[in-house]
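Please open the model in a viewer and keep the sequence panel in view. The stops below are meant to be followed in order, with a selection made at each one.

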Amino acid sequence: MWKIIEEIVRFCLRLVCKLCRKECTEEMQTVFVQFVKFGIVGISNTLISYFIYVIMLFFFQSFALLENYDYLAAQVIAFVLSVLWSFYWNNKVVFMQDSGSKRILWKTLLKTFAAYSFTGLFLNSVLLILWVQLLCVSEYAAPVFNLLFSVPLNFLINKFWAFR
């Protein structure tokens, strides 16, 4: 499946470059394919995170566990498991190792948690305050605006630091 996606993305990028009369280098194609794969992993990560959150919240509420903090506990569990999911797929499909190179998985995993903590928790919170309180954007629309900043930044942090 990933090979088919890669070929479609490469074809589309070459077509766009041809229409714009721009050179389409192999490096440009490789980075763009990585970014698209990263986006696909990110979408699945978001769905997994929400699914785990709902299941854990239902579990905690069904058994009256952590009554005032059930949603926070569910969020922490969903965050940890979704970052593990993202790490697995980014390591396997997006930022694959060059042949002959070694990657220390536990260091990469810690860097991945740090990257997602920075963009997913800190940056998104700061941006939410900016959108909602300063620019009067709806609190329902603000997280969508966050994606415009957090996804490319997360890609760069993962590409050049966590999975380097």
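Select Arg 21 to begin. In this predicted model, Arg 21 has a relative accessibility of 80% and therefore counts as exposed, the cut-off for that class being over 50%. The residue is placed in the loop between helix H1 (2-20) and H2. Its backbone also deserves a look: the phi angle of Arg 21 is near 60 degrees, a positive value in a residue other than glycine. Most residues other than glycine have a negative phi.

Cys 136 invites the same inspection. Which loop holds Cys 136? Cys 136 is found in the loop between H4 and H5. Phi of Cys 136 is near 55 degrees, again a positive value in a residue other than glycine. With a relative accessibility of 66%, Cys 136 counts as exposed.

**The whole chain**

Now zoom out and display the protein as a ribbon. The secondary structure consists of five helices and zero strands, and along the sequence the pattern reads α-α-α-α-α. Measured out along the principal axes, the C-alpha atoms fill a box of roughly 60 × 45 × 25 Å. Colour by accessibility next: of the 164 residues, 33% count as buried.

**H1 against H2**

Select H1 together with H2. These helices pack at an angle of about 125 degrees, and their axes are 9 Å apart. Are H1 and H2 roughly parallel or oblique to each other? They are oblique, because the angle falls in none of the ranges that count as roughly parallel, roughly perpendicular or roughly antiparallel. H1 passes H2 in a right-handed crossing.

Within helix H1, pick out Glu 6. Is Glu 6 buried or exposed? At 14% relative accessibility, Glu 6 counts as buried, since the limit for that class is under 20%. Add Val 33 to the selection and draw a distance between the two C-alpha atoms: Glu 6 and Val 33 are 6.0 Å apart in space, although 27 residues apart in sequence.

**H2 against H3**

Keep H2 (residues 26-62) on display and add H3. The axes of these helices come within 8 Å and cross at roughly 150 degrees. That angle makes H2 roughly antiparallel to H3, as angles over 145 degrees are so classed. The crossing of H2 and H3 is right-handed. What kinds of residues form the contact of H2 with H3? They divide into 19 nonpolar, nine polar and two charged.

**H3 against H4**

Hide H2 and show H4 beside H3. Here the axes come within 10 Å and cross at roughly 120 degrees, which makes H3 oblique to H4. H3 passes H4 in a right-handed crossing.

**The aromatic rings**

Show the aromatic side chains as sticks. How many aromatic pairs does a search of the whole structure find? It finds 14 aromatic pairs. Centre first on Phe 79 and Phe 113, whose ring centres are 6.3 Å apart and whose planes stand at 65 degrees, so this pair is edge-to-face. Phe 79 lies in helix H3 (residues 70-94) and Phe 113 in helix H4 (residues 105-134), so the pair ties together parts that are 34 residues apart in sequence. Phe 79 and Phe 113 are both buried.

Move on to Trp 131 and Phe 145. Their ring centres are 5.5 Å apart and their planes lie at 45 degrees, so the pair is tilted. This pair links distant parts of the chain, with Trp 131 in helix H4 and Phe 145 in helix H5 (residues 142-162), 14 residues apart. Trp 131 is buried, with a relative accessible area of 13%, whereas Phe 145 is partly exposed, with a relative accessible area of 35%.

Next, select Phe 35, Phe 38, Phe 87, Phe 95, Phe 155 and Phe 163 together. Ring pairs link these residues into a cluster.

The last stop is Lys 159 with Phe 160. What sits over the ring of Phe 160? The charged end of Lys 159 does, at 5.5 Å from the centre of the ring.

Technical notes: Residues are numbered from 1 along each chain as its sequence is written. This is a predicted model: local features need pLDDT of at least 70, side-chain atom pairs count only at pLDDT 80 or more; totals for chains, interfaces and linings use all residues. Side-chain values use heavy atoms; hydrogens and water are left out. Rings of Phe, Tyr and Trp (its six-membered ring) pair if their centres lie within 6.5 Å; planes under 30 degrees apart count as stacked, over 60 as edge-to-face and the rest as tilted. Helices (H or I, at least four residues) and strands (E, at least two) are DSSP runs, numbered from the N terminus. Buried means under 20% relative accessible area, exposed over 50%, partly exposed in between (1.4 Å probe, protein chains only). A charge sits over a ring if NZ of Lys or CZ of Arg is within 6 Å of the ring centre and within 35 degrees of the ring normal. Axes are lines fitted to C-alpha atoms, for helices over the stretch in contact, and angles run from 0 to 180 degrees between N-to-C directions. Angles under 35 degrees count as roughly parallel, over 145 as roughly antiparallel, 65 to 115 as roughly perpendicular and the rest as oblique. A crossing is left-handed if the near helix is turned anticlockwise from the far one by less than a right angle, and right-handed if clockwise. Ala, Val, Leu, Ile, Met, Phe, Trp, Tyr, Cys and Pro count as nonpolar, Asp, Glu, Lys and Arg as charged, and the others, Gly among them, as polar.
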